[in-house]
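Biologist: I'm new to this one. Can you walk me through how the pieces fit together?
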Amino acid sequence: MKICVFCGSSSGFRPDYRDAAVALGRAIADRGASLVYGGSKVGLMGAVADAALAAGGEVIGVIPEALRDKEIAHPHLTKLHVVGSMHERKQMMADLSTGFVALPGGLGTLEELFEIWTWAQLGYHKKPVGLLDVANFYEKLDAFLDHTVEAGFVRAEHRDMLIVDDNPVTLLDRYENYQPVALAKWIGPTER
């Protein structure tokens with residue numbers, strides 16, 4: 001397993017967010033999996049990487065040249081790929097990974113989450129995608145996503161592709177047993 005983690009280059013205001021990043025990094029390493037992430041040493045990105053490294057795990061960072069200094073590239077990773085653009089970063093992270101988890105984060109985290117989930121909806125990959133819902137950080141987003149189904153814009157089977165859990169160990173357990181959804185035609189009306 002190679003788990004890609006999307007998360008903030010900030011730590012946020014609650015200690016729970018950092019604690020969850022540390023717990024996820026340890027959980028990934030403890031099961032012999034590798035961590036793939038954005039390559040920074042700051043914020044939740046640094047916390048998840050440091051925890052996985054401290055637990056003896058392999059940690060692979062992918063960072064664009066333009067962000068190497070701004071996001072402060074982590075100097076102690078197993079491997080750091082420096083790429084030319086955000087598009088290359090996301091593609092390489094997707095190619096390297098067997099599953100994706102979003103920790104709390106900002107616009108970049110949400111953008112990465114929705115893009116990789118859309119790729120799954122379109123059948124570009126059959127890898128699990130999930131949210132680690134730390135201290136109900138994603139509770140309102142989770143409710144909104146249910147609303148998109150109720151409003152007829154997202155099919156229930158596509159909504160169900162997103163795995164939500166508040167425990168990193170049980171989330172990763174669900175990834176190990178993940179079976180991709182048999183995709184129905186995704187274009188066209190979603191009427192019931």
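Modeller: Let's start with a term: a crossing of two helices is right-handed if the near helix is turned clockwise from the far one by less than a right angle, and left-handed if anticlockwise. Also, keep in mind that this is a predicted model.

Biologist: Okay, so which hand is the crossing of helix 1 and helix 2?
Modeller: Helix 1 crosses helix 2 in the right-handed sense. Their axes are 7 Å apart, and the packing angle is about 35°. Helix 2 covers residues 43–54.

Biologist: Which residues in helix 1 and helix 2 meet there?
Modeller: From helix 1 you have Tyr17, Arg18, Ala21, Val22, Leu24, Gly25, Arg26 and Ala29. Facing them in helix 2 are Leu44, Ala47, Val48, Ala51 and Ala52.

Biologist: And how do the residues of that contact between helix 1 and helix 2 divide into nonpolar, polar and charged?
Modeller: There are 10 nonpolar residues, one polar and two charged.

Biologist: What about helix 1 and helix 7, at what angle do they pack?
Modeller: About 45°, with the axes 9 Å apart. Helix 1 is residues 15–30 and helix 7 is residues 168–176. That angle makes helix 1 oblique to helix 7. The crossing of this pair is right-handed.

Biologist: Which residues make that contact between helix 1 and helix 7?
Modeller: Helix 1 brings Ala23, Leu24, Ala27 and Ile28, while helix 7 brings Pro168, Val169 and Leu172. In the contact of helix 1 with helix 7, seven residues are nonpolar, with no polar and no charged ones.

Biologist: Switching topic: how many salt bridges does a search of the whole structure find?
Modeller: Nine turn up. One of them joins arginine 31 to aspartate 173, where the closest N and O atoms are 3.0 Å apart.

Biologist: Where in the chain do arginine 31 and aspartate 173 sit?
Modeller: Arginine 31 is in the loop between helix 1 and strand 2, and aspartate 173 is in helix 7. They are 142 residues apart, so the pair links distant parts of the chain.

Biologist: Which residues are linked in a network of salt bridges?
Modeller: That would be Arg31, Asp173 and Glu176. As for accessibility, arginine 31 counts as partly exposed at 26%, and aspartate 173 is partly exposed too, at 33%.

Biologist: How far apart are the closest N and O atoms of glutamate 111 and lysine 90?
Modeller: They are 2.5 Å apart, in another salt bridge. Glutamate 111 belongs to helix 4 and lysine 90 to helix 3, 21 residues apart.

Biologist: Is lysine 90 buried or exposed?
Modeller: Lysine 90 counts as buried because its relative accessibility is 10%, and the cut-off for buried is under 20%. Its partner glutamate 111 is partly exposed, at 35%.

Biologist: And what do the side chains of aspartate 165 and arginine 174 meet in?
Modeller: A salt bridge, 3.3 Å from N to O. Aspartate 165 is buried at 13% relative accessibility, whereas arginine 174 is partly exposed at 39%.

Biologist: Last thing, the backbone. What is phi of alanine 135 near?
Modeller: Near 50°, which is a positive value in a residue other than glycine. Asparagine 136 also has a positive phi, near 60°.

Biologist: Where does asparagine 136 lie?
Modeller: In the loop between strand 6 and helix 5, and alanine 135 lies in that loop as well. Alanine 135 is partly exposed at 32% relative accessibility, and asparagine 136 is partly exposed at 48%.

Methods. Residues numbered from 1 in each chain as written. Predicted model: local features only at pLDDT ≥ 70, side-chain atom pairs only at ≥ 80, totals over all residues. Heavy atoms only, no water. Axes fitted to C-alpha atoms, helices over the stretch in contact; angles between N-to-C directions. Helix = DSSP H or I, 4+ residues; strand = E, 2+ residues; numbered from the N terminus. Parallel < 35°, antiparallel > 145°, perpendicular 65-115°, else oblique. Contact = heavy atoms within 4.5 Å. Nonpolar A, V, L, I, M, F, W, Y, C, P; charged D, E, K, R; others polar. Salt bridge = Lys/Arg side-chain N within 4 Å of Asp/Glu carboxyl O. Buried < 20%, exposed > 50% of the residue type's maximum accessible area, 1.4 Å probe, protein only.
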